[in-house]
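Me: Hi! I'm new to this one, could you walk me through it?

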Amino acid sequence: MSKPMTSVGETESHHVETLGVAPVPESARTMRPGMLFLIWALASASATTPVIGLLLHGIGLWNFVWIVLLALLIGLIPAVLLAHMGRQRPIISMVMARRTFGVGGATVLAILYTIVGAGWFGLNTDVGGKILDTLFPGNGIFWYVVLGVLQIGLVFFGMEVLEKFYKYTALLFLLCYAVLAYYLFTQHPFVMPVATVPVHWGTDIDLVLSFSLLAWAYDFPTVTRFCMPARENEKILQRALYAFAPATGVMSAVLLMGILGLIALQMTGDWNIALLGKNLPVWGEISAIGVILAIAHTNAMNLYPAVTKLLAVVNVTSKPRRWMQPVVVVLLGTFATGLAIAGILNFIEGFLSLLGSLLFPFTFILIIDWFYEERYAEEVTLFYRPAGNWQEYFLWPAPWAVSMLIFGILLGQWKYLSVSRIFYFVPWQVSSAIITGVIYFIGLRLADQRQQRRKAA
């Protein structure tokens, strides 16, 4: 960002972000739609992203395109709303959740989603470590440690440095993948991926959303809080650009890199085209190393939000200790690197299923409560009010929201207990989250009507 930040919790002259979970000051809210799109497109365009081609192998190229487009259509509304919420109130989603799930509920969720972010960091670092170990065998864990240290160092300095990193490495990233794609298509006979297995539309759409848009959407406020504030007199086009930039950035990368992974798998037997570098001339090898940039792009948006979530656990107030955020970056980054060394990539399908079960109902409940209860109009200090006693950890609507979240998780798992063919066509994890959100909304309405009748009596 161009403007220095000097007040409590802001980035100071040492260029290390100490903001923590405090609201982003107006002087620091300078991000524009173009940068917002770039950050999320590059965050989504990981070296791991082509693995979706492996997970959906056999459905054919055109079915894959349709699944991604349908996933975008289904996930667009919650993604757009979450992106806008960060501009309404410059706070992270886990702080927003305190008014919905209570301080206690939001704290438990922040712990769970910290582990989710660390898991994603581990997945991508695992892929990067395998790429380097393939190109330069014999070093094993050393590459994981190197990648972990470099990525932790990048996030250590905060969003100001991350913006510059995305901006100045975007072109290099595109060139690296262009070189690898060139060698892929010139050194291997082209084979069009065709459908060889039935398409389970519902399950596959859930998988794509768990892998991409709805796995990222709840973190959109973490970045959009650095955007220009939403104004009442703001032009509709300008508001739309901010709101749609994260979702279109994420899904553009999934579409293009998923196609690349699908084609590479069909042509070479491996979805990871970076591994081609071991058999390529020097430029191909350099490009394969350059793909590590994709790891860093994505893991910055895994580790940075995960850090803010953990900070939401250890720091309820809006005045963090100066070095709390940098210390948490190092500790959490070290833990996530350990997950990569332990081989978390071997559990990716179960991990993605867990993501959908946890994230989808949370997302819908948070959005409904935010706009129905008009949380965006509340004083920001209410989100940082500590609980005075145990009852205040679960003030209304927290009991209802937590109950519905548990119900949504259980409802999402019902598919695995049923043999109904409807689940071949219906994205059940999304549908169950929508059902949960509707019931949650009805509960809020009934509670409000009951309260109004009491006042009238």
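Reply: Sure, here is a short tour, from the whole chain down to single residues. This is a predicted model, where local features need pLDDT of at least 70, side-chain atom pairs count only at pLDDT 80 or more, and totals for chains, interfaces and linings use all residues. Residues are numbered from 1 along each chain as its sequence is written, and side-chain values use heavy atoms, with hydrogens and water left out.

Me: Thanks! How many helices and strands does the chain have?
Reply: There are 17 helices and 0 strands. Helices (H or I, at least four residues) and strands (E, at least two) are DSSP runs, numbered from the N terminus.

Me: And what is the radius of gyration of the chain?
Reply: The chain has 22 Å, which agrees with the value near 23 Å for a compact globule with 457 residues. The radius is taken over C-alpha atoms, and the globule rule is 2.2 Å times the number of residues to the power 0.38. Along the principal axes, the C-alpha atoms fill a box of roughly 80 × 60 × 45 Å.

Me: What share of the residues count as buried?
Reply: Of the 457 residues, 57% do. Buried means under 20% relative accessible area, exposed over 50%, partly exposed in between (1.4 Å probe, protein chains only).

Me: On to packing. At what angle do H1 and H11 pack?
Reply: Helix H1 (residues 33–44) and helix H11 (residues 236–268) pack at about 25 degrees, with their axes 7 Å apart. So H1 is roughly parallel to H11. The contact includes Leu36, Phe37 and Trp40 of H1, and Tyr242 and Val250 of H11. By class, that contact has 12 nonpolar, 4 polar and no charged residues.

Me: Can you unpack those terms?
Reply: Axes are lines fitted to C-alpha atoms, for helices over the stretch in contact, and angles run from 0 to 180 degrees between N-to-C directions. Angles under 35 degrees count as roughly parallel, over 145 as roughly antiparallel, 65 to 115 as roughly perpendicular and the rest as oblique. Contact means heavy atoms within 4.5 Å. Ala, Val, Leu, Ile, Met, Phe, Trp, Tyr, Cys and Pro count as nonpolar, Asp, Glu, Lys and Arg as charged, and the others, Gly among them, as polar.

Me: How far apart are the axes of H7 and H11?
Reply: For helix H7 (residues 159–187) and H11 they are 11 Å apart, at an angle of about 30 degrees. That makes H7 roughly parallel to H11. Phe173 and Tyr177 of H7 are among the contact residues, as are Met257 and Leu260 of H11. This contact divides into 10 nonpolar, 1 polar and no charged residues.

Me: What about H5 and H6, what is their angle?
Reply: Helix H5 (residues 98–135) and helix H6 (residues 141–156) pack at about 130 degrees, with axes 8 Å apart, so H5 is oblique to H6. Residues that meet there include Phe121 and Lys130 in H5 and Trp143 and Gln151 in H6. The classes are 5 nonpolar, 4 polar and 3 charged.

Me: New topic: which residues does a cis peptide bond join?
Reply: Trp396 and Pro397, with omega about 10 degrees. Pro397 sits in the loop between helix H15 (348–372) and helix H16 (398–413).

Me: And what is the phi of Glu374?
Reply: Near 55 degrees, a positive value in a residue other than glycine. Glu374 also lies in the loop between H15 and H16. For context, most residues other than glycine have a negative phi, and most peptide bonds are trans.

Me: Last one: is Glu374 buried or partly exposed?
Reply: Glu374 is partly exposed, with a relative accessible area of 43%.
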